[in-house]
Amino acid sequence: MFAQLGAAPDLARVDSLAPGVDARSSHGLSPRELEVLRLVAGGATNKAIAASLFLSERTVERHLSNIFTKLRVPSRTAATAYAYEHRLI
């Protein structure tokens with residue numbers, strides 16, 4: 001329902017609270033990194049992500065850097081594709 005309403009931050013929050021999520025299913029990403037990845041995949045800018053998660057833009061940049069490293073991808077586009085391919089979003 002959240003996705004249909006365009007409430008990506010709320011969906012990311014609900015998904016991050018889901019019980020039984022382990023490192024294998026999250027591909028080594030922290031719950032916060034998964035939130036950031038889901039927002040990136042939804043087309044959000046760093047500024048929009050920072051505002052919706054109450055973070056600084058620098059913190060969002062750091063999360064993205066960590067995501068790229070953990071997923072071994074070079075860009076937001078590649079991270080989004082990886083997320084869809086591996087059902088992270």
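**Helix packing around α4, α6 and α7**

Histidine 63 is found in helix α6. In this predicted model, histidine 63 has a relative accessible area of 16%, so the residue is buried, the cut-off for that class being under 20%. Beyond its neighbours within four places in sequence, histidine 63 is in contact with Arg32, Glu33, Val36 and Leu55.

One of these partners, glutamate 33, lies in helix α4. Glutamate 33 also counts as buried, because its relative accessibility is 4%. Apart from neighbours within four places in sequence, the contacts of glutamate 33 are Gly28, His63, Asn66, Ile67 and Lys70.

The setting for this pair is a protein with 7 helices and 0 strands. Read from the N terminus, the order of elements is α-α-α-α-α-α-α. Of the 89 residues in the protein, 34% are buried. Among contacts between residues at least 6 apart in sequence, 50% join residues at least 24 apart.

Helix α4 is mostly covered, with 9 of its 11 residues buried. The buried residues of α4 are Glu33, Leu34, Glu35, Val36, Leu37, Arg38, Leu39, Val40 and Ala41. Charged residues are thus named alongside nonpolar ones, Glu33, Glu35 and Arg38 being among the buried residues of the helix. Just after α4, glycine 43 adopts a positive phi of about 95°.

The next topic is the nonpolar core. In soluble globular proteins, nonpolar side chains tend to be buried together. The largest nonpolar core here has 20 residues, and Leu37, Ile49 and Ile67 touch the most other members. At least two residues of this core come from each of α4 (31–41), α5 (46–53), α6 and α7. For isoleucine 49, the contacts outside its neighbours within four places in sequence are Val36, Leu39, Val40, Ala44, Val60 and Arg76. Of these, Val36 and Val40 were listed above among the buried residues of α4. Ile67, for its part, is in contact with glutamate 33.

How the helices are arranged can now be considered. Two packed helices are described by the angle between their axes and the distance between the axes. Helix α4 and helix α7 have axes that come within 9 Å and cross at roughly 105°. The two helices, α4 and α7, are therefore roughly perpendicular. On the α4 side the contact is made by Leu37, Val40 and Ala41, and on the α7 side by Arg76, Ala79, Thr80, Ala83 and Tyr84. By class, the contact of α4 with α7 contains 6 nonpolar, 1 polar and 1 charged residues.

Helix α7 (residues 76–85) also packs against helix α6 (residues 57–71), at an angle of about 60° and with the axes 10 Å apart. This angle makes α6 and α7 oblique to each other. The crossing of α6 past α7 is left-handed. Here Leu64, Ile67, Phe68 and Leu71 of α6 meet Arg76, Ala79 and Tyr82 of α7. The contact of α6 with α7 consists of 6 nonpolar, no polar and 1 charged residues.

Some residues recur in these descriptions. Arg76 and Ala79 of α7 take part in the contact with α4, and Arg76 and Ala79 also meet residues of α6. Arg76 is in addition one of the contacts of isoleucine 49. Leu37 belongs to the contact of α4 with α7, and Leu37 is also among the residues that touch the most other members of the largest nonpolar core.

Methods. Residues are numbered from 1 along each chain as its sequence is written. This is a predicted model: local features need pLDDT of at least 70, side-chain atom pairs count only at pLDDT 80 or more; totals for chains, interfaces and linings use all residues. Side-chain values use heavy atoms; hydrogens and water are left out. Axes are lines fitted to C-alpha atoms, for helices over the stretch in contact, and angles run from 0 to 180 degrees between N-to-C directions. Helices (H or I, at least four residues) and strands (E, at least two) are DSSP runs, numbered from the N terminus. Angles under 35 degrees count as roughly parallel, over 145 as roughly antiparallel, 65 to 115 as roughly perpendicular and the rest as oblique. A crossing is left-handed if the near helix is turned anticlockwise from the far one by less than a right angle, and right-handed if clockwise. Contact means heavy atoms within 4.5 Å. Ala, Val, Leu, Ile, Met, Phe, Trp, Tyr, Cys and Pro count as nonpolar, Asp, Glu, Lys and Arg as charged, and the others, Gly among them, as polar. A nonpolar core is a set of buried Ala, Val, Leu, Ile, Met, Phe, Trp, Tyr and Cys residues joined through side-chain atoms within 4.5 Å. Buried means under 20% relative accessible area, exposed over 50%, partly exposed in between (1.4 Å probe, protein chains only).
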